[in-house]
Amino acid sequence: MAPGESVEVRGTDRHLGLHLTTWARRQGHRVVGLTVTKGGASGARWQASERAGVPGPTVWEKAPRRWGLAARGALVEAGGPDLSVADLDSKAAVWSDLAPRLYAQAAAAQWDPATAIDWSISPALPDEVEAAVVQVMTYLIENEQAALMVPARFLGRIHPHYREVAQLLAVQTADEARHIEVFTRRALLVSGQLGVSGAGGRASLQSLLDETDFSIASFLLSVLGEGTFLHLLSFLERYAPDVVTAQVCHLALQDEARHVAFGLGHLEEQLRVEPALRPRLRMAMERRHDALASTSGLNDEVFDALVVLAARGWTPDAIGVGHDAVQRLQVDMDEGRRRRLTRLGFSPQEAAELSALHTRNFM
Amino acid sequence: MTANADSTRTAGSDVLLMGAVAYDPKVVTIWDGFRRWLIGHDLAVDYVLYSNYERQVEDLVAGRIHAAWNSPLAWVRARRLAAAHGATVSALVMRDTDQDLSSVVVVRADSPAHSAGDLTGCVVATGAIDSPQATLLPIDALRSAGLRVGEDLTIRRFDIGVGLHGDHIGGERAAARALMAGLVDGACMIDANHLAFTTEGILNPGATRIICQTEPFDHCNMTVIDSAPAALAARFGELLLAMDYSDPEVRPLLDLEGLTAWRPGRVSGYRALEQAVDNAGFYDAEGRICAAGYRP
Ligand SMILES: [Fe+2]
Ligand SMILES: [Fe+2]
């Protein structure tokens with residue numbers, strides 16, 4: 001109806017006339033008897049309104065703060081408070097065309113720690129091997145904790161226009177929550193004790209938490225840290241001395257592959273429109289390397305535990321084999337990092353240099 | 001600023017000073033917002049808040065403020081008080097939602113009463129002593145129907161927010177609750193609150209019946225005293241009338257104040273209240289407070 005047009009209202013409630021008059025007055029309509037003539041206010045409210053983009057996953061280069069929390073594609077009334085917290089409000093800064101698909105995959109791939117792992121098979125390992133598993137799990141838990149906190153801190157800063165990215169990061173933090181749970185459960189399964197937490201490892205993780213730039217944080221955490229962890233988790237799955245250890249590493253590995261895929265996809269797209277980001281990524285790696293230069297990185301207990309697991313025995317030969325396997329793991333990690341750095345447009349030479357600067361703590 | 005302890009000091013002429021009664025915390029939001037908008041449109045304006053309408057009216061007539069956002073009862077008193085002091089007040093603007101309101105006296109649907117006359121011997125709940133819409137006007141309507149208030153029927157007043165001239169909804173809500181609880185036979189309220197209480201579930205749909213409805217009356221207005229700086233007052237009125245509901249800056253304030261447009265003020269809608277005030281002996285012809293037990 002256009003302003004000025006009338007409608008006659010019929011009804012049986014004995015208060016219809018009273019309530020109709022009252023309601024219409026408040027809306028700026030005129031009433032005579034039971035005939036309401038539309039006023040201009042209801043239309044005026046929407047005069048300066050605009051659509052917050054389109055409903056589908058086609059996003060704008062920049063999301064205005066004035067859209068607030070409105071759903072993408074909703075008609076937004078002008079006025080009201082600007083969104084005060086979402087400073088990650090440009091496509092280049094957060095988006096990846098992979099996000100909607102990765103989110104759907106992530107939501108479909110959620111597993112229940114209680115049932116996805118066969119906790120009833122109690123590992124009966126030699127004490128030294130069990131201790132090695134416990135030490136590796138202790139190390140993994142603190143790394144997972146960092147991997148949970150980093151995306152969680154950016155989640156609330158993402159403009160709702162790029163909701164699939166926020167949704168994906170929300171599931172990613174849920175993934176990390178489950179990783180923390182299953183690694184903790186495996187650690188405590190036999191001995192009820194945890195291993196050691198080295199100062200060098202914690203220094204490395206603290207430097208991840210200190211990063212406030214979303215792109216640099218995803219670069220350091222997802223591309224380099226979680227990318228390196230893909231090799232570590234697949235190594236652990238392969239050399240796991242018991243079924244539960246193999247299962248928890250396997251499940252975490254699947255999730256991590258998604259985390260790496262998003263970080264890589266997002267940065268690839270951002271670098272296409274913003275090549276000046278590349279030297280900043282390089283500088284961030286150099287800065288982190290310098291900051292961690294005086295720390296020990298991966299502690300000996302974790303390194304030894306990895307050797308013990310890969311050795312599968314106590315003969316000098318077996319220990320030699322284990323040591324070689326861990327050396328190979330580090331070579332694989334380095335190759336993986338160089339491959340991902342190359343995908344981000346670094347030259348092979350640069351990729352090799354940068355990969356060598358990566359934290360000795362792996363994450 | 002020059003210090004001036006003289007309590008009879010009047011408002012200067014460089015800034016339009018208006019008063020508003022702080023019946024709710026939102027009043028600060030509303031007038032702060034309007035003030036900012038008006039200053040943005042080059043009107044020097046400021047406001048002061050009062051705890052009750054009586055002092056606001058007295059200050060208006062004394063020239064301590066130039067304009068007052070007045071309840072209908074405050075208008076009646078301002079008009080009388082001003083006239084008694086050889087001054088005049090005028091209604092500059094009012095809200096679109098201030099025009100042609102009505103109040104009702106309702107009974108429970110199963111009440112034996114079917115007309116106002118049937119309320120003889122009954123107890124009727126009203127709002128606060130100074131509520132035009134929930135006390136003075138509906139009681140006067142019952143009086144016009146031939147009932148002698150206090151003799152033929154008993155009034156049970158719910159004195160909540162006395163001094164706010166019924167702006168506080170509490171008295172009417174308590175009256176409606178008393179009706180549904182069977183504590184009284186009838187209850188007085190403004191039309192909008194009958195709808196509001198129905199929506200809130202205090203009055204179930206179909207649970208009440210209107211036994212008496214007042215003639216249409218007008219509610220608040222922006223009252224201006226004739227000693228106010230004329231150009232500022234005229235500009236004030238023009239700017240308020242120019243506020244557009246499509247302007248996202250003022251729309252939230254208009255929503256909060258409950259209007260979609262300002263209208264030029266009119267005083268034709270206060271006749272019934274003038275009459276009710278006389279019949280109840282609330283104010284005298286010179287605007288003195290006469291109502292027994294009224295302590296704003
Ligand atoms: Fe993880
Ligand atoms: Fe992860």
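**Close-up views of aromatic contacts and a buried strand**

**View 1. A:Trp67 is buried, since its relative accessibility is 3%, in this predicted model.** Its partner in this view, A:Trp60, has a relative accessibility of 39% and therefore counts as partly exposed. The search of the whole structure, taken over all chains, finds 13 aromatic pairs. For A:Trp60 and A:Trp67, the ring centres lie 4.9 Å apart and the planes meet at 70°, so this pair is classed as edge-to-face.

**View 2. A:Trp95 and A:Tyr162 form a tilted pair, because their ring planes stand at 50°, with the centres 6.2 Å apart.** A:Trp95 belongs to the loop between helix H3 (91-94) and helix H4 (99-108) of chain A, whereas A:Tyr162 belongs to the loop between helix H6 (127-155) and helix H7 (163-188) of chain A, so the pair ties together parts that are 67 residues apart in sequence. A:Trp95 counts as buried, its relative accessibility being 2%, and A:Tyr162, with a relative accessible area of 0%, is buried as well.

**View 3. In chain A, the charged ends of two arginines, A:Arg178 and A:Arg185, sit over tryptophan rings.** The charged end of A:Arg178 is placed over the ring of A:Trp111, at 4.3 Å from the ring centre. For A:Arg185, the ring beneath the charged end is that of A:Trp119, and the distance to the ring centre is 4.3 Å.

**View 4. An aromatic cluster in chain B is made up of B:Trp31, B:Phe34, B:Trp69 and B:Trp262.** One of the members of this cluster, B:Trp69, falls within the residue range 67-70 of strand S3 of chain B, a strand that appears again in the next view.

**View 5. Strand S11 of chain B (residues 221-225) is largely enclosed by the rest of the structure, because 5 of its 5 residues are buried.** The side chains of B:Asn221, B:Thr223 and B:Ile225 point one way from S11(B), while those of B:Met222 and B:Val224 point the other way, and all are buried. Strand S3 (residues 67-70) of chain B pairs with S11(B) in the antiparallel sense over 4 bridges, and within this pairing B:Thr223 is the bridge partner of B:Ala68. Strand S4 (residues 89-91) of chain B also runs antiparallel to S11(B), to which it is joined by 3 bridges; here B:Ser90 stands opposite B:Val224.

Note on methods. Residues are numbered from 1 along each chain as its sequence is written. Chains are lettered from A and ligands numbered from 1 in the order in which they are written. This is a predicted model: local features need pLDDT of at least 70, side-chain atom pairs count only at pLDDT 80 or more; totals for chains, interfaces and linings use all residues. Side-chain values use heavy atoms; hydrogens and water are left out. Buried means under 20% relative accessible area, exposed over 50%, partly exposed in between (1.4 Å probe, protein chains only). Helices (H or I, at least four residues) and strands (E, at least two) are DSSP runs, numbered from the N terminus. Two strands pair if DSSP finds at least two bridges between them. Rings of Phe, Tyr and Trp (its six-membered ring) pair if their centres lie within 6.5 Å; planes under 30 degrees apart count as stacked, over 60 as edge-to-face and the rest as tilted. A charge sits over a ring if NZ of Lys or CZ of Arg is within 6 Å of the ring centre and within 35 degrees of the ring normal.
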